[in-house]
Amino acid sequence: MAEMGKGVTAGKIASNMQKKLTRAQEKVMQKLGKADETKDEQFEQCVQNFNKQLLEGSKLQKDLRTYLASVKAMHEASKKLTECLQEVYEPEWPGRDDTNKIAENNDLLWTDFHQKLVDQALLTMDTYLGQFPDIKSRIAKRGRKLVDYDSARHHFESLHTAKKKDEAKIAKAEEELVKAQKVFEEMNIDLQEELPSLWNSRVGFYVNTFQSIAGLEENFHKEMSKLNQNMNDVLVTLEKAHATSTYPVKAQPSDSTKENKTPSSPPDGAPITSPETKAVNHEPEPSTLDTSGGGIPKSPSQSTEATPAGAEAAGKEAAAGAEATKTETDSGSASSSLPAVVVETFPATVNGTVESGAPSERADMPPGFLFKVQAMHDYAATDSDELQLKAGDVVLVIPFDNPEEQDEGWLMGVKETDWLQHKELDQCRGVFPENFTERVQ
């Protein structure tokens, strides 16, 4: 079909058009019940299994790619976390060289894990799915050849049962029937053998894929556990070396004790108590009566005299309480002054294409132009009405003249180079398997 514009005769074009017309008429007759259709329930079950296997494999491939993207994201997050530790780890602290070495090994371990997942799982998955496009196109072609066979059979039967028989026409119809039957049966036999074998291969493939993933994860987590233990040992050493410099986090006072924390002048002769002690212990302490002070309750801790150190500690704690109250107030004010969120809007898209409202048909495109696709694989045409494709070829997709002629998984189009050179659809257009291409516009 690629050379149709240069070497194909008008008779060949007419033959292709007649073949399409005959197929369309045969399908209409079968749908109306006026012509019987060859059925093969066993083969139809094989096709159903094939479609189910392709759907499951495609989903597994998609989920595996998502998993690999997550592994890569975790790698980046882990790398940034270790980089942060290296930044805050001061040069004079013990174990700094060890933390740097652990960070390097951590990065190498993540990289190795991701690469092995690609090699042992993803590439195997791609190879497994790579066999489906060719088989799918052959199934579709078998369907077309079956229609040709049924049509030739019905034509022969009608001539054979006619009242006025034309032996020459009957002989020619019989010859065409034998030829159509041979082409169909050759394709049918091959697929009858391949489809069950492909269906049974799925079990071994799933087992190998998930065993590889499980084994890689097991080794990765085992090695990562060793690195984490080494990091923990380094930090324990750092803690022991700087044990006197640790600062415990103090509990914040509750609302019920804020009044007790308000700085006030103590009675003459009474010791200054720590606000921290009152914040933690909310229960009243046992008290004794000070008979010399007019019966005022006095806790056992107040029976000693105040010291300069105690007064200094109380002053610091009171200042800390005031600073905490100011921080809470400032936090409330900051929350109410957050900047407004700006929401961007984008044009609506359908299947990744921006809906601009402009018609798809343009002056430089063939009549009825729908969209462009690019061949992802080579496709060798096996019939005169098919396009010969090479990977990278751009095809302009156009509608079928008769929608009834379109087989599932096949598109009608003309290669962009042929259209620009000839501008004639009848000489350049042809059908091609959709799954060998990818939409580009």
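The paragraphs below walk through several helices of this predicted model, and through a few individual residues in and between them.

A convenient place to begin is helix 3, which covers residues 41-88. Its 48 residues reach 71 Å from the first C-alpha to the last, which is close to the 70 Å expected at 1.5 Å a residue. At the start of this helix, Asp40 places a side-chain oxygen within 3.3 Å of the backbone nitrogen of Gln42.

Helix 3 packs against helix 4, made up of residues 96-129, with the two axes 10 Å apart and at an angle of about 170°. Because angles over 145 degrees count as roughly antiparallel, helix 3 and helix 4 are therefore described as roughly antiparallel to each other. The residues that form this contact between helix 3 and helix 4 comprise 17 nonpolar, 12 polar and 6 charged ones. Taken by itself, helix 4 has 34 residues and reaches 49 Å between its first and last C-alpha atoms, close to the 50 Å expected at 1.5 Å a residue, although helix 4 also bends by about 35° at Val118.

Further along the chain comes helix 5, residues 132-160, in which His160 is found. His160 has a relative accessibility of 40%, so this residue counts as partly exposed. The C-alpha atoms of His160 and Ile170 lie 6.5 Å apart in space, while the two residues are 10 apart in sequence.

Ile170 leads the reader into helix 6, which takes in residues 167-241. The N-terminal end of helix 6 is capped by Asp166, a side-chain oxygen of which lies 3.1 Å from the backbone nitrogen of Ala168. Helix 6 has 75 residues, which at 1.5 Å a residue should span 111 Å, and the 109 Å between its end C-alpha atoms agrees with that expectation. Along its course, helix 6 bends by about 30° at Arg202.

Ser201 is also found in helix 6, and with a relative accessible area of 31% Ser201 is partly exposed, because that class lies between the cut-offs of 20% and 50%. Ser201 also links this account back to Tyr128: the two residues are 73 apart along the chain, yet their C-alpha atoms are separated by 9.8 Å.

A last stop is Lys423, which lies in the loop between helix 10 (416-422) and helix 11 (425-428). The backbone of Lys423 has a positive phi of about 60°, although this residue is not a glycine. At 43% relative accessibility, Lys423 counts as partly exposed.

Definitions and conventions:
Residues numbered from 1 in each chain as written. Predicted model: local features only at pLDDT ≥ 70, side-chain atom pairs only at ≥ 80, totals over all residues. Heavy atoms only, no water. Axes fitted to C-alpha atoms, helices over the stretch in contact; angles between N-to-C directions. Helix = DSSP H or I, 4+ residues; strand = E, 2+ residues; numbered from the N terminus. Parallel < 35°, antiparallel > 145°, perpendicular 65-115°, else oblique. Nonpolar A, V, L, I, M, F, W, Y, C, P; charged D, E, K, R; others polar. Expected span 1.5 Å × (residues − 1). Bend = angle between axes of the 7 residues up to and from the residue. Polar contact = N/O pair within 3.5 Å; in protein donor to acceptor, adjacent residues only side chain to side chain. Buried < 20%, exposed > 50% of the residue type's maximum accessible area, 1.4 Å probe, protein only.
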